[in-house]
Amino acid sequence: MAEGEITNNSSKEGVNENKNNKSCINGTDKTSEKKASMKDPETFCCLLQPGNADSSPDYIGIRRFLLARKAESSSYRRLDWRCKGKGYVAYRNYMRRPRKWEKLQTPSRSSTPGNSGLWNSRSGSFSHLFEAESLNSSKDQRSGSVASTNRSSSLSDSDRPRQRGVEPAYSFVGMHCIFDQCKAAAVTVLKFGHMSSDLLAYGTSDGTLVVCSVSDPPSVLKQLNGHSKDVTDFDFSSNNQYIASSSKDKTVRVWELSKGLCIRIIYEVSPQLCIRFHPVNNNFLSVGNANKEITVFNFSTGRIITKSNFDSEVSSMDHDHTGQLIFCGDAQGCIYSASMESRTGALSRSHRYKSGNKLKCPVATVQYRSFSLMTKGPVLLTCTQDGSLSFFSINLESQGYLTLRCSLKLTSRIHPIRASFCPLLSHDKGEYIVAGSEDTHVNFYDLTRPKHTCVNKLQGHGFPVIGVAWNHGENFLASSDLYGVVIVWKRAKTK
């Protein structure tokens, strides 16, 4: 009928035979497409449903059509499910995924805290966030010093579901590798090498320093033994040839990585809590201790250059990029700015910021960043043991004067859990940080949000997560827990 109607209309208008043939062909194509779309008998019956005179002529047909489409979608969901030996947790998360799952699928995909452990029906694989069932299976894979996560490394970015409200730059493909060289000993601190994307080191509560490479294949390069108590902190030299470590055994040790040997030991009278190389003059080594002071040593000779006293134990510290300022936190929750002479190493206190918290908790993290999109200048991140995150802007012209810009109160912690800045995003002016937690998650926060500050979570540890660190290329994030497990997460590529 459609073909005949088109031909008659064209003949009445005086169109030539060629146009008639074309219109016939077009009419035939449209008819075939329409017939192809009517293969579903339920859909076809709904469209042919006659209307009643008393009601709207399209009501019954539209209603049955919508119900048919709904049932069809549900049946497709059940048919798409592939268990692959997974249990109820995976199936539950799969069925709870967003209603518009297919429309949300884009080339760059991520996951959200509320949909952790989602199952991807198209590729038959888990996303990078793991539920309790998959956590148990990940522990069974830890055989030897390094265990690669096959399930996560085999996933590509195009196999990941992207969901609304998630920061795509902080989505992860999964676990790149796992290090469990020091079992039953808490990993107290971990860091990547300066300007390095694959050199990773971490210190443990039994006094061991482990140096690893996260490049394919991941491997343990050196295991440095010498400290008799907890490694509280360490730092790489600018060329990554040396590591200086501090410990509760009241010593500072300098290690040569190429040989794996301790080349210098500095004995002190109190536990050494934090340590940093000078960013410009690596011959200066600044150490904060439990004797309420920062001591500057000569790296070459091990002799003391200068000391500066503070009000309480210096628990954490960091330099600015010029080396002219030191920012440190003490056991009472106070933050200090101190000026440092780059040639002589002389220290002088400049400012002190005292928090309004009644509970005086040690500062576990002090981290400097030279630029922030929100402040358009240098900023400082601090984290105390009671879960208080603070974000300061720095006035370099006033010798490091600190101004509190925003803060976030998390749940109180028993352990000194560390936090870190997240990589800058060119399209977002939020201030994102990543921190460990005692609920075994690696949490991402936006300090500028008044509500729902947690924007993402990584689940994979079985014990409280203490330390986090980004590599120089910002494509790997390392996290450590109380059981001695270090997980290196691979960040998803973004356009």
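Asp233 counts as buried in this predicted model, because its relative accessibility is 4%, under the 20% limit for that class. The side chain of Asp233 nevertheless has a charged partner, since Asp233 forms a salt bridge with Lys191 in which the closest N and O atoms are 3.3 Å apart. Lys191 counts as buried too, because its relative accessibility is 15%. The points below treat this pair and other salt bridges, then Val465, the cavities and the confidence of the prediction.

**Salt bridges**

- A search of the whole structure finds 8 salt bridges, and the pair of Asp233 and Lys191 is one that links two strands, with Asp233 in strand β9 (residues 231-236) and Lys191 in strand β5 (residues 187-192), so that parts 42 residues apart in sequence are tied together.
- Asp311 and Arg352 also meet through their side chains in a salt bridge, with an N to O distance of 2.7 Å.
- Asp311 lies in the loop between β16 (304-309) and β17 (314-319), whereas Arg352 belongs to strand β20 (residues 347-353), so this pair ties together parts that are 41 residues apart in sequence.
- Asp311 is classed as partly exposed because its relative accessibility is 39%, and Arg352 falls in the partly exposed class because its value is 43%.
- In a further salt bridge, the side chains of Arg449 and Asp446 meet at 3.4 Å, N to O.
- Which partner of this pair is buried and which is partly exposed? Asp446 is the buried one, with a relative accessibility of 3%, while Arg449 is partly exposed, with a relative accessible area of 32%.
- Lys191, Asp233, Arg276 and Asp318 are joined into one network by salt bridges that share partners.
- As general background to such pairs, side chains of opposite charge can pair when their charged atoms come close.

**Surroundings of Val465**

- Val465 is found in strand β29, which covers residues 465-470, and Val465 counts as buried because its relative accessibility is 0%.
- Which residues does Val465 contact, once its neighbours within four places in sequence are left aside? They are Ile417, Gly436, Ser437, Thr440, His441, Val442, Ser479, Ser480 and Asp481.
- Val465 and Val187 are separated by 278 residues in sequence, and their C-alpha atoms are 9.1 Å apart in space.

**Cavities**

- The structure holds 2 cavities of 30 Å³ or more, and the largest cavity has a volume of about 60 Å³.
- This largest cavity is lined by 11 residues, of which Tyr170, Pro423, Leu424, Gly430 and Tyr432 are the closest to its centre.
- By residue class, the lining of the largest cavity comprises 7 nonpolar, 1 polar and 3 charged residues.

**Confidence of the prediction**

- The mean pLDDT of the protein is 76, and 65% of its residues reach 70 or more.
- Over residues 1-28 the pLDDT is below 50, and this stretch has 12 contacts in the model beyond near neighbours in sequence.
- Residues 33-38 also have a pLDDT below 50, and in the model this stretch has 2 contacts beyond near neighbours in sequence.

Note on methods:
Residues numbered from 1 in each chain as written. Predicted model: local features only at pLDDT ≥ 70, side-chain atom pairs only at ≥ 80, totals over all residues. Heavy atoms only, no water. pLDDT = per-residue confidence, 0-100. Contact = heavy atoms within 4.5 Å. Helix = DSSP H or I, 4+ residues; strand = E, 2+ residues; numbered from the N terminus. Buried < 20%, exposed > 50% of the residue type's maximum accessible area, 1.4 Å probe, protein only. Salt bridge = Lys/Arg side-chain N within 4 Å of Asp/Glu carboxyl O. 1 Å grid on protein atoms, 1.4 Å probe; cavity = no way out; pocket = protein on both sides within 12 Å on 5 of 7 lines; lining within 4 Å. Points joined across faces, edges and corners; volume = space filled by probe spheres on them. Nonpolar A, V, L, I, M, F, W, Y, C, P; charged D, E, K, R; others polar.
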